[in-house]
Every structure is written in C-alpha cells, then in structure tokens.
Amino acid sequence: MTNTNISNAVLNDADPQCDDAELGMQTPGQIFRNRVLNHRGFLIGSGIIAALVLIAIFAPLIAPHDPYVQSLSSRMLPPVWSEGGSWDHILGSDQNGRDYLSRLIYGTRVSITIGLGAATVGLFIGVTLGVIAGYFGGWVDHAISFLLTAQLALPGLLLAMALVFIIGPSIWVVIGIVGVLHWTYYLVVTRAATQRIRSQDFIAAAQASGATSRQIIWHEILPNLLSSIIVIFTFELGIAILAESSLSFLGVGIQPPTPSWGLMIAEGKQAMFYRPWLVVLPGICLFFLVIGANLMGDGLRDITSPEGRNG
Amino acid sequence: MSIILDIQSLNISLSLPTGTLHAVRDVSFTIARGESLGIVGESGSGKSLTALAIMRLLPRGANVTATQLMFDDHDLPILSDEAFAKTIPGVRIGMIFQEPMTSLNPVYTIGRQMTEAAVAKGMLSAAAARKKAIDLLDRVGIPDPEARLDQFPHQMSGGQRQRVMIAMTLMLDPDLLIADEPTTALDVTVQAQILDLLDDLRRERQMGMILISHDLAVVAERSDKVAVMYGGEVIEQGSSNEVLRAPAHPYTQSLLQAIPHLGGSPGRLGSIPGTVPSLMRPPTGCIFAPRCSHSRPECFTARPPKRAHGGDHLATCVLEQPPTLHNHVEALLGSGAKDGAEDVLVAQNVTQVFYSRKGLFGPKREIRALDNVSLSLKRGETLAVIGESGSGKSTLARILLGLSVPTKGTVSMLGKEISTLSGTERASFVQPVFQDPYSSLNPRRRLSEIIARPLELRGEGDHASRTKAIEASMELVRLPKRLLHTYPSQLSGGQRQRVAIARALVTRPEALICDEPTSALDVSVQAQILNLLDDLRAEMGLTCLLITHDMAVVHQVADRVVVMYQGRIVEEGPAREVLANPQDDYTKRLLAAAPRFEPELEDAE
C-alpha cells in the first residue's frame, strides 16, 4: 500500500509535465473502469448486494411458499440435507410451520429497505450538518460539534429501543430512528473534507466571481465530497441492517408476523440447541449482506480515491 | 583532492501500475572532498531521485543499477541494508530536505532530536552530545543556543528550523552533505543567509556537497561544478563557470534564456516549445530532440555522444560546436499605462487587524497585517507588489478582490466603493489568478465548465454565446480547443495556470490580480506565462496587479513597483528606478539578497 502510494507520488511528479498525447490520455471514465475491473473485493461485494436486491424485488416470484401461511402439521421441519428433511421445504420450517426459505427471501426486503432508508436519513442529516460546519466554521462549527459530542455520548441501541417503545414499532419508525441515530460518521468525514476544500484557491476564485455560499457548496464542494459520501453510505447500510436486526431481536423492531432476519433469530433462539438452523440460516444471510456492503464500500473507497488522479 | 563520491552510469527505474518509469538513466559524476556539485533541472528531471538513490531512500518498487557507486572506500551496492544503515546515512552522508516545516518532529525538543542519533550510535555521551549541539547551533547562527535546545520546532521560524536541520546533520560530522532544494521554501533574504552558511561550513569542514535546485542562479553562485539534468539524464556537466557562462547544450542555453535577469533591459523570455518527455519508454535518440531548435534527423535515431568542450565540460549533444548564443533581446510587446490613464482600482488607508486569543479567556493579541496601505492601479499598467512572507501582500490581494473587508480604509473600483457592489458586479471589475495551479481549479469539473462558471454566475448569455466566449478566452491564453472537455488532473502545471487565467479573463474584467502566478512553476513554464502576460498587455491592454517575491520577475514585467514590509509600504515608484536606485533599506537588502548571475553572452554581431 505504502509502496504504491509512493510510486503514485513519483508518477504524479513526472506526469503532469508529459505531453498529453504521450500520456495515453486516459479519461477519468477509463481510469474508473479499469479500477473497477481490477478490484476483486468490489466485484464480489457489489455482486452480493446486486443479487440480494434482485431477490428482494422478485421475492414473490422466487419464494416457493407463502411466508405467512402456518401449518401446524409441518412445524420445525429440518432442512433438506438433515435427517427428515424434504425438498418441499428446502430450508425447513419454523415453530409455526412456515416455510423458512420463503421467510428468508421476504426478510431480504425488510433488511434492504431499512438499510437503504436509514442510511439515507443519516446521509441527509450528517452531510448537511457536516458541510455547514466545515464551510462556515466559527460558532456554527462549535454548535454542530457540540451536537456531535452529545450524540456520541448517548448509548445508541438503548436510545433506539426507548424511542421505538414510545412511538410504537413499524418499519418506517425503525428507519427513521436508526437513521437519526447514525449520522455522526457522515458529519465527521464531510466536515473535515469541507474544511480542507474550503481553503483551496478554487473556492476563492468562485467567491471572486461573485458566487454565493449556497452556489459554492452545491457547485464546488459537494462534487468533491461525492466519493466519500458514497463510501460512508455503504458502511452505514451495513450498520443500519445490523441495528434493525438487534432491535427486532430485542422485540422492539419489526413485529411478527412480518419476516425479518433479526426477528427470525429471536424466534429461533429457544430451540437453538436442538434446531440450530433456525438461528444459523438468518445469521448467514445477515453475514453476507453486511460483508457485501462492506466489501463494496471498501472497494468504492479505493476506486474513487483521488490519489494519483486529483492530487 | 580525494574523490569522496564516484557514481558511474546510475540507472533508476520505478515499476508503476501502468508500466516502468525510466526515471534516471546513465548518470555519472564525481565529487571530491570540499567540492560542491550543483544538480539543476526542472521537475521530473530525476534530480531528487538521484540523491534519494545514494541514501537508499527510494520507494520499494525502485530498481537501481550502476556500474560504480563508490563512497569513499565503501562499495555501496555490496553493503547489506543493515550495514548501510549503520555506517552511511547520517554518519557519513547527511541530508537536508526542502520543507523545514515538516522535517523536524513537532513533539520532541530541538535538543533531543539533535543529540538522539549520536547518543544512540554510541558516538558521544549525552553530555558531550549536548555540548556539541550547543556549539553547532551557535555556529549556524541561532542566538542563545543553550535555551533553544529545550524549545520545540513550532517555536522557531522557517529559516531557523532549516538552520537547526543543518546543525543536526552536522552532529555526526558527515563527509558529504546532500541538500535537496534547501532554500526553496524560504524567503529571499533568508535563502541568501542559509546558502552562505552551507558554503562556509563546506569549506571549513572539507565536506563534499550536492546542492539540488531548480534555480540556476542559486547553483551558479554556490557550486564548483554543475550537472544539468533533463528527462532523467545529465545532458551537460562541468565547472559552474563554463556551463553557465558558455553552455554547450541547446537545453541549457534555452533554460538560461528563459530566466528573467535583473540586469539589462527587460525583454521577451526565451521559451522552450513542447513539454517534458514521457519516461515510460527508454529513448532511442536524444531525449531533448523533440523540443530542440537545432535538431537533425540523426538526433531522433541515435543516442547522442558525450562530447568534451574543454576540460571536464561535457555535453550530450551531436553538435560539435555549441550553437552560438544570441544576445539579441526581443523587446516586450506590451507598453505601460498611457499618461493620464484613469485609476481602475484604488485602496485608501487600508488597515487590517487580526485578533487572536490564547484559549477562551486569554489576553487578546493584535496582529497588524496591513498598516495604512494606499495604492492605485492605473488602466493598462502592471503594478508589482513585492514582499516576503508575512509582509501582508496576500491579505492585501484578498481585500482588493473584495473577499475580505478591511478593518479600516476603503477600496474603490472605478470610483465605486467596493462595499456597495454585489458579488457579480465586483467580479466584472477584478479577477484573481492564484499561485498554486493545483488548488485553483476544481478537480471534479471539466475545463469548459470551469471557464464558463463566471458567466453562468452572472447569468450572461445563452449556451452558444458562452461557448464562443470560452473559446475566445482559451485562444487568448493559447490553450488548444481539444482540451475543452478534459479535467484539470490531465493537465500540466503551466496548462492549469493558463486555464486559471482564461477563467479570470472570460468576463472581461478591468483588472487581474495575480498572486505569485509563477512561483509554483518551472523556469521554462514561468517564461511562457510571463510572455503570455506580456501578450495580453499588448493585445487587450491588460491591467494587472502582480504580487511576487521575485525581484527578477518584477524587473521583467512591472511598470511600477510597491515594496511591502511588515504590513507597510516602504517604497513605491517606477520599477526601473526602484530596482536601479533603491531608497529604502529593506529594498536594498531585498535586492542584494536576490541571487543573480549574468551569463556573458557572446554577441552575434
């Protein structure tokens, strides 16, 4: 890593002097494409996420059974590879005889909706505050930094539980609350980046051309923040999904009978030692979703990082 | 004199994701004890890499080969990394870097940093090391050295830190000192002191010295020998006198003509067409041939020979006789303000005071950045504001641009007070060009967007008329149209600075304020930009306020000059008079410190 950084720096020193015809003139688009294709982590991560999003969208077509239909005669069936399993219920069934595969497939919808929704809510709060604090500085920055410290001092999950308990659980409430509690990372990163960009000469040039603060923020600063915002978004996606699962597991998130992976783990935990698949299967699904989001985020950070490009 | 460093045929290549960069090729030189070698070259010429290779400080992907790499009696390539680290760097070869602000560790005292190496290597006891450190600090000119030992780097100025760095490298009494652009980050007056100091120390201790610089004048004054590097090769070397006064290689000649000189009358600078070559493939012919005005067909097909021009003066060129250097100075195209021209920009009694506090309730400190400054800029003239760092010249630029409001005093543009104007109205009067072309363009926008932005902000014209204005503006600054849709990262420093000027000109402002427009650029690129400013004066009667620290640049382009020192104007007048006959002590000091050399050019007549 260090090695490539140094040679990038060396390349940078030499390159801007080169004739542009000599440079081979890779456009930013071409460089981007090459970086994407050469980044295995990003390809795997985005592959997983893309697959899960497709599953969520086409859940009714893929699921072999209705995830809500209970059947007392086929309770707690083991998966097909265990003794007593059958191809009718490939991944077995739960305490109420509902098909486990179908419930997992429908659970994707909840997890992805909440992940995207909460990460978006956090994005709007965090980026707005971060850019304002970084751009204006002074007492505005002090006030927003105080807000940040206050938020960081609060125990997130406990607060979320209390809030859901007071407002009442529903998927929209969970999205709102998880989002409102996960904006700090956006704020920290965009504030620092904005401060750095603010001191560059092209901001002064824009001011000298008569641009207002709002025009400068939209036109000059936000485009430069885009790559870091995308990266944080994917990280927050994973965190929000885990937060939803925790809330559901604790009984204050998604309410039965809606299928949610966290809820399924909670429901399966009484029988964990005799029928481990009830806990293991939704756990694996969560694992893949979160690792997919993280790999994608890591990859995006590497791919969009300006090192060796914007200097 | 015994040879201390002998390098023959040094090659450095770096493997990059896109291929192999042949950064340094076939570099040979020797240095004797007490001798100094200046390595001159523009950025990307491989001069720093050569120094780093001697110190084994290259990045890991680098591949170094040499037929000979002898330091004193050590054959460097056969030393293991461990043995090398123990015996060579610091102990025998000292190195000073460009940036004194970052080369000292901010969390340790000066004393600890200075004595650490000597004590750790068991060369001196702690007490002896401390005593030696005090002596050395005294020697490099730090007042009250004993108390200074317990201070931290942030308590010192840039010049003092560079002195500390020099003292630190001398702690272990090295036989060779490598100074990589030791004064580039410093003010002119400080630069002169540091260079004098290095010179004295070298003679005193019989050290060998490699002085790496992009500044030919610095090298001309301070070195016995010079090696001129271009595109990773030493294209000419020999004694300083011969190389700089009778250059044999066309590149050295063009480089010398590209430098603005303090002596003589100002004229057009020589510029080198084209750009620095790519080093991704080893060259088949002469590396300079594509830009050379004397090139012949064989220059492109065969490597040029190393030709001696008397003594050890070598040039890598096919020409047997160096081309005659013409002393013909082409007159500048632009002319100054006409008599009775109106004032475009007037500052009256501008005072700027900053307040700083230590902690929340600490005492208020007052910093007077500008103290009662008055100046006026007439239509069609170029007014230079000269001063060192801390003189308040950049604060003045921000105030004149209307970006900050002065504590006292007024700025008016064509008779209208600046505070009564809206942002876009102001923009049509005056536009900035900044020093660093790498930070003055938004990296996420295409050139067309960057140049069109001021028009968009004013809501001027439709798409077609804007495209026309952009193209006209790009033509003014000699940027080819094919660059219209590129991003700044794809351009060279000089091209970026042209874009910045094009953006400033697109709204046809009354005046430009250029804040050190060429100090981040290479000599040959600086020549292009200064010539461009001259063209613009001739073509459109450009009115320009030029802020700079470089006396030679003032001489080259300014009609009038204002000298600033610690927030005040100490001298003002026509450039020619002020430079020839300075009245104020500070101006005299500035002029004396400016490195200068006048190559004796052979007359064509």
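Start in chain A of this predicted model by selecting helix 5 (residues 100-136) and helix 11 (residues 213-249), whose axes come within 7 Å and cross at roughly 145°. Turn the view until one helix lies over the other, and the crossing of helix 5 and helix 11 of chain A can be followed as a right-handed one. To see where the two helices of chain A meet, show side chains on both: the residues that helix 5 brings to the contact include Ser111(A), Gly115(A), Ala119(A), Leu123(A) and Tyr135(A), while those from helix 11 include Ser213(A), Ile221(A), Phe233(A), Leu237(A) and Glu244(A).

Next, select the whole of chain B, where the secondary structure comes to 20 helices and 23 strands. The radius of gyration of chain B is 26 Å, close to the 25 Å that the globule rule gives for 605 residues, so chain B is as compact as a globular protein of that length. Its C-alpha atoms fill a box of roughly 75 × 70 × 50 Å along the principal axes, and 49% of the 605 residues of chain B count as buried.

Now narrow the selection to residues 7-256 of chain B, one of the two stretches, with 345-591, at which an unreviewed UniProt entry places the feature "domain: ABC transporter". Over residues 7-256 the chain is 38% helix and 27% strand, and the end C-alpha atoms of this stretch are 27 Å apart.

Inside that stretch, pick helix 6 (residues 158-170) of chain B, which has 13 residues and reaches 19 Å from its first C-alpha to its last, close to the 18 Å expected at 1.5 Å a residue. Of the 13 residues of helix 6 of chain B, 11 are buried, so this helix is largely enclosed by the rest of the structure; among the buried ones are Arg161(B), Val164(B), Ile166(B) and Leu170(B). To see what covers them, add the surrounding elements of chain B, which include strand 7 (93-96), helix 3 (110-120), helix 4 (126-139), strand 8 (176-180) and helix 7 (188-205).

Two loop residues of chain B make the last stops. Most residues other than glycine have a negative phi. Gln206(B), in the loop between helix 7 and strand 9 (208-213) of chain B, has a positive phi of about 55° although it is not a glycine, and with 14 C-beta neighbours inside 10 Å it counts as partly exposed. Finally, select Glu516(B), in the loop between strand 20 (511-515) and helix 17 (523-540) of chain B, where phi is near 50°, again a positive value in a residue other than glycine. Glu516(B) has 20 C-beta neighbours inside 10 Å and therefore counts as buried.

Terms used: Residues numbered from 1 in each chain as written. Chains lettered and ligands numbered in written order. Predicted model: local features only at pLDDT ≥ 70, side-chain atom pairs only at ≥ 80, totals over all residues. Helix = DSSP H or I, 4+ residues; strand = E, 2+ residues; numbered from the N terminus. Rg over C-alpha atoms; globule rule 2.2 N^0.38 Å. Buried ≥ 20, exposed ≤ 12 C-beta atoms within 10 Å, placed from the backbone. UniProt positions renumbered as here; feature names shortened; annotations may be inferred. Expected span 1.5 Å × (residues − 1). Contact = placed C-beta atoms within 7 Å. Axes fitted to C-alpha atoms, helices over the stretch in contact; angles between N-to-C directions. Left-handed = near helix turned anticlockwise from the far one by under 90°.
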